[in-house]
Each structure stands twice: as structure tokens, then as C-alpha cells.
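The following exercises are to be worked with the sequence and the coordinates at hand. Each task is followed by a solution in steps.

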Amino acid sequence: MSTPSALRDPANLVSPRAIWYWTTRALIFWLAAAAVFVLCWLGNPHARTQLAVAGAILLAVALLHLGVMPRWRFRVHRWEATETAVYTRSGWFNQQRRIAPLSRIQTVDTDRGPLEQLFRLANVTVTTASAAGPVRIRGLDPADADRLVAELTRITAETSGDAT
């Protein structure tokens with residue numbers, strides 16, 4: 001017996017620029033954590049030995065996170081739109097697979113925050129009549145996002161029903 005198509009992995013990877021985007025976002029977080037750590041270091045001269053150990057651990061975790069997470073996420077994040085559904089797989093540590101039948105789609109949106117604009121990336125949000133919330137595809141090339149939105153708009157316009 002063959003595996004149903006709904007259970008296969010989506011075909012498309014996100015943009016390779018998403019690796020640098022995720023790295024930059026993580027670096028911003030770790031720089032903020034380092035600033036807090038430095039403030040603790042300066043404000044606590046009697047605990048500097050313990051803070052040095054904590055700082056070394058913090059640095060090791062940060063380097064591991066910055067080195068592994070973006071590439072891991074790039075390998076995991078996938079998306080695909082067919083004539084019947086939108087498929088996504090996302091995450092890195094906790095991974096999620098979503099399938100949204102086109103008959104359930106209510107809206108399709110794109111967004112690009114300042115950092116995404118800097119890295120020439122776009123996100124697509126597919127809102128459905130689902131309690132699980134919208135399906136999000138993050139880290140797309142803007143041209144891919146525009147094509148996806150146009151295609152989903154075309155297909156859903158041809159679908160009868162009220163998406164509920």
C-alpha cells in the first residue's frame with residue numbers, strides 16, 4: 001500500500017538567506033544576554049568567580065546555538081502548495097507539520113519586518129478555519145512569496161464554499 005500524499009514532506013526549501021536571518025536574530029538575542037551578564041559582572045564584584053563560570057557556559061551555549069540552529073532550521077523548514085492543500089514543516093528543536101486544505105483557507109497574507117527586508121525575505125500567512133491557527137511560511141524569497149500568494153488566491157477563488 002502506498003503512503004498517502006498528505007504524509008510526505010513538503011517539496012520546497014525556504015530561501016538560503018534565511019540561515020543568515022536566523023543567525024542574526026539569534027546573535028541579537030545573545031548580545032542582549034551578554035549585556036545583562038556584563039551588568040551583573042560589574043554590579044557583583046564578590047561573585048566574579050561564579051559569574052566567570054556562568055559566563056563560560058553562556059558563551060559555549062551561545063556559540064553552539066549560533067552554529068547549529070540556523071542550518072538545522074534551514075534543513076527542516078519546507079513548504080509546498082498543491083491544488084488541494086498547503087503543506088509546511090517548521091521548527092528546529094520542536095518541529096511541526098501542518099496541512100491546510102485549500103477549501104479551508106480564509107485569507108492569505110504576506111509580511112516583511114525590517115530585518116526580513118534587510119535579508120530580502122518574506123513571510124506568508126495562510127489563515128484557515130482551524131483552531132490550530134494560521135499556517136505560516138517564513139523565510140521565503142519575496143518573488144516566491146508573491147507567486148505563492150497569487151497561486152493560492154487563484155486556486156481558492158475557484159473553490160466553492162465559505163472556508164468554514
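**Exercise 1. Determine which residue forms a salt bridge with E151, and place the pair in the fold.**

Step 1. E151 pairs with R154, and their closest N and O atoms are 2.6 Å apart; a salt bridge requires a side-chain nitrogen of Lys or Arg within 4 Å of a carboxyl oxygen of Asp or Glu. The model is a predicted one, in which local features need pLDDT of at least 70, side-chain atom pairs count only at pLDDT 80 or more, and totals for chains, interfaces and linings use all residues. Residues are numbered from 1 along each chain as its sequence is written, and side-chain values use heavy atoms, with hydrogens and water left out.

Step 2. Both E151 and R154 belong to helix α4, 3 residues apart, or about one turn of the helix. Helices (H or I, at least four residues) and strands (E, at least two) are DSSP runs, numbered from the N terminus. An α-helix has 3.6 residues a turn, so residues three or four places apart point the same way.

Step 3. E151 counts as partly exposed because its relative accessibility is 31%. The classes are buried (under 20% relative accessible area), exposed (over 50%) and partly exposed (in between), with a 1.4 Å probe and protein chains only.

**Exercise 2. Identify the salt bridge of E83 and state which parts of the chain it ties together.**

Step 1. The side chain of E83 meets that of R154 in a salt bridge of 3.4 Å, N to O.

Step 2. E83 lies in the loop between β2 (78-81) and β3 (85-91), whereas R154 is in helix α4, so the pair ties together parts that are 71 residues apart in sequence.

Step 3. With a relative accessible area of 53%, E83 is exposed; R154, at 35%, is partly exposed.

**Exercise 3. Find the partner of D144 and compile the salt bridges of the whole structure.**

Step 1. D144 forms a salt bridge with R147, with the closest N and O atoms 2.4 Å apart.

Step 2. D144 and R147 both lie in helix α4, 3 residues apart. D144 is partly exposed at 26% relative accessibility, while R147 is exposed at 54%.

Step 3. A search of the whole structure gives 6 salt bridges.

**Exercise 4. Describe the largest nonpolar core and the elements that supply it.**

Step 1. The core has 30 residues, of which V86, V124, L140 and L152 touch the most other members. A nonpolar core is a set of buried Ala, Val, Leu, Ile, Met, Phe, Trp, Tyr and Cys residues joined through side-chain atoms within 4.5 Å.

Step 2. At least two residues of this core come from each of α1 (17-43), α2, β5, β6 (122-128), β7 (135-140) and α4 (142-158). The greatest contribution is that of α1, with 6 residues.

Step 3. Neighbours within four places in sequence aside, the contacts of V86 (heavy atoms within 4.5 Å) include R98, I105, I137 and L152.

Step 4. I105 lies in strand β5 (residues 105-111) and counts as buried because its relative accessibility is 8%. I105 and P134 are 29 residues apart in sequence, with 9.2 Å between their C-alpha atoms.

**Exercise 5. Examine the span of α1 and the packing of its buried residues.**

Step 1. α1 has 27 residues and reaches 39 Å from its first C-alpha to its last, close to the 39 Å expected at 1.5 Å a residue. The expected span is 1.5 Å times one less than the number of residues.

Step 2. The buried residues of α1 are A18, I19, Y21, W22, T23, A26 and W30. These buried residues pack against α2, α3 (114-118) and β7.

**Exercise 6. Locate R120 and state the sign of its phi.**

Step 1. R120 is placed in the loop between α3 and β6.

Step 2. The phi of R120 is positive, about 55 degrees, although R120 is not a glycine. Most residues other than glycine have a negative phi.
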